[in-house]
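I am opening a fresh page for this structure. I will start with what holds the inside together, then turn to single residues and charged pairs.

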Amino acid sequence: MADLDALEDLMRAANRGDSAAYLRLFTAITPVLRKVVRARGAALGHAGCEDVLQDALLAIHSKRHTWREDAPLRPWLYAIARHKVIDAFRARGRHIELSIDEFAEGLPAAAGPDPTDGRDMDKVLGQLDPRAAEIVRAFGLNGETTAETAARLDMSEGAVRVALHRALKAIARLRERMIE
C-alpha cells in the first residue's frame, strides 16, 4: 500500500475534484481491499470476494465525501470492506455453496440393489401370517411356480393362488401405511 499520507492526500485531492488523484487512489487501494475481503470472506469464494470488493469500491466512491479529512484513511476503508463482507454473509444466509464438481467422483452410487429394499420387504413380510409370508417368498424371492409351492406346502394350487392374492393385497395395505 502506498504511503498513508499519500493515500490521504490522494483522497483529499479526489474529494476536491482531481480525477487523476481519484484514479491513483483507487488503483492503490484496490489490491489492499482485495486482501482484506479475501481474508475475512474466504468462505464466499473467489467470485463472491470479487463481488464484495466491487461493493466496497462503490461504497467508497459514493460515500467518499463522508470521510473526515483529519481522520486516518485506512481504518475508514477497512471498516467499509469489513461491513461489505458481513453484508455478503448476511445476504447469503445460512447456505453454504459448494461446487458439485469437487464431489462429482464420489457422488455415483455403487451399482447394485438398494440395500434398504430388502429391509422394507422383511418388515412387510414380518407383519403377514407366516404361511402368507412363505408363499410370497416362494414366488417373489425364490421364483417357485404355483405347483412347486403347492407341493412344498401341501396345499392345492388354487389355495396357493388365493393365499398369494390375499397376501399381495395385505402387502399393498401395509406399504400404504408405511408411506404415510
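**Core.** A term first: I call a nonpolar core a set of buried Ala, Val, Leu, Ile, Met, Phe, Trp, Tyr and Cys residues joined through side-chain atoms within 4.5 Å. I also note that this model is predicted.

I looked up the largest such core and found 28 residues in it. Leu25, Ile29, Leu33, Ile60, Leu73 and Trp76 have the most contacts inside it. I then asked which elements give two or more residues to this core. They are helix H1 (4–15), helix H2 (19–40), helix H3 (45–63) and helix H4 (73–92). H2 supplies the largest share, eight residues.

I picked leucine 73 for a closer look. Setting aside residues up to four places away in sequence, leucine 73 touches Leu7, Glu8, Met11, Leu25 and Trp67. I also found a second, separate core. It has 16 residues, among them Val124, Val136, Leu164 and Leu174.

**Overall.** I counted helices and strands next: the protein has eight helices and zero strands. Of its 180 residues, 31% count as buried. I checked contacts between residues at least 6 apart in sequence, and 58% of them join residues at least 24 apart. The exposed area is about 12100 Å², with 54% supplied by carbon and sulfur atoms.

**Threonine 30.** This residue sits in helix H2. Is threonine 30 buried or exposed? Its relative accessible area is 17%, so it counts as buried, the cut-off being under 20%. Where does its side chain reach? I traced it to the backbone oxygen of phenylalanine 26, at 2.6 Å. Beyond its neighbours within four places in sequence, threonine 30 is in contact with Leu53 and Leu57.

**Charged pairs.** Side chains of opposite charge can pair when their charged atoms come close. I listed eight salt bridges in the structure.

Glutamate 50 and arginine 34 meet at 2.9 Å, N to O. This pair links distant parts of the chain, 16 residues apart: glutamate 50 lies in helix H3 and arginine 34 in helix H2. Arginine 34 is partly exposed, at 26% relative accessible area.

Aspartate 70 bridges to arginine 68, with the closest N and O atoms 3.3 Å apart. Both ends are exposed: I read 66% for aspartate 70 and 56% for arginine 68.

Arginine 152 and glutamate 144 meet at 3.2 Å, N to O. Here arginine 152 is partly exposed at 41%, whereas glutamate 144 is buried at 18%. Last, I noted one network: salt bridges with shared partners join Arg34, Arg38 and Glu50.

Terms used:
Residues are numbered from 1 along each chain as its sequence is written. This is a predicted model: local features need pLDDT of at least 70, side-chain atom pairs count only at pLDDT 80 or more; totals for chains, interfaces and linings use all residues. Side-chain values use heavy atoms; hydrogens and water are left out. Buried means under 20% relative accessible area, exposed over 50%, partly exposed in between (1.4 Å probe, protein chains only). Helices (H or I, at least four residues) and strands (E, at least two) are DSSP runs, numbered from the N terminus. Contact means heavy atoms within 4.5 Å. A polar contact is a pair of N or O atoms within 3.5 Å; within protein, one must be able to donate a hydrogen and the other to accept it, and residues adjacent in sequence count only if both atoms are side-chain atoms. Accessible areas come from the Shrake-Rupley method with a 1.4 Å probe; for residues, only the protein chains shown count as cover. A salt bridge is a side-chain nitrogen of Lys or Arg within 4 Å of a carboxyl oxygen of Asp or Glu.
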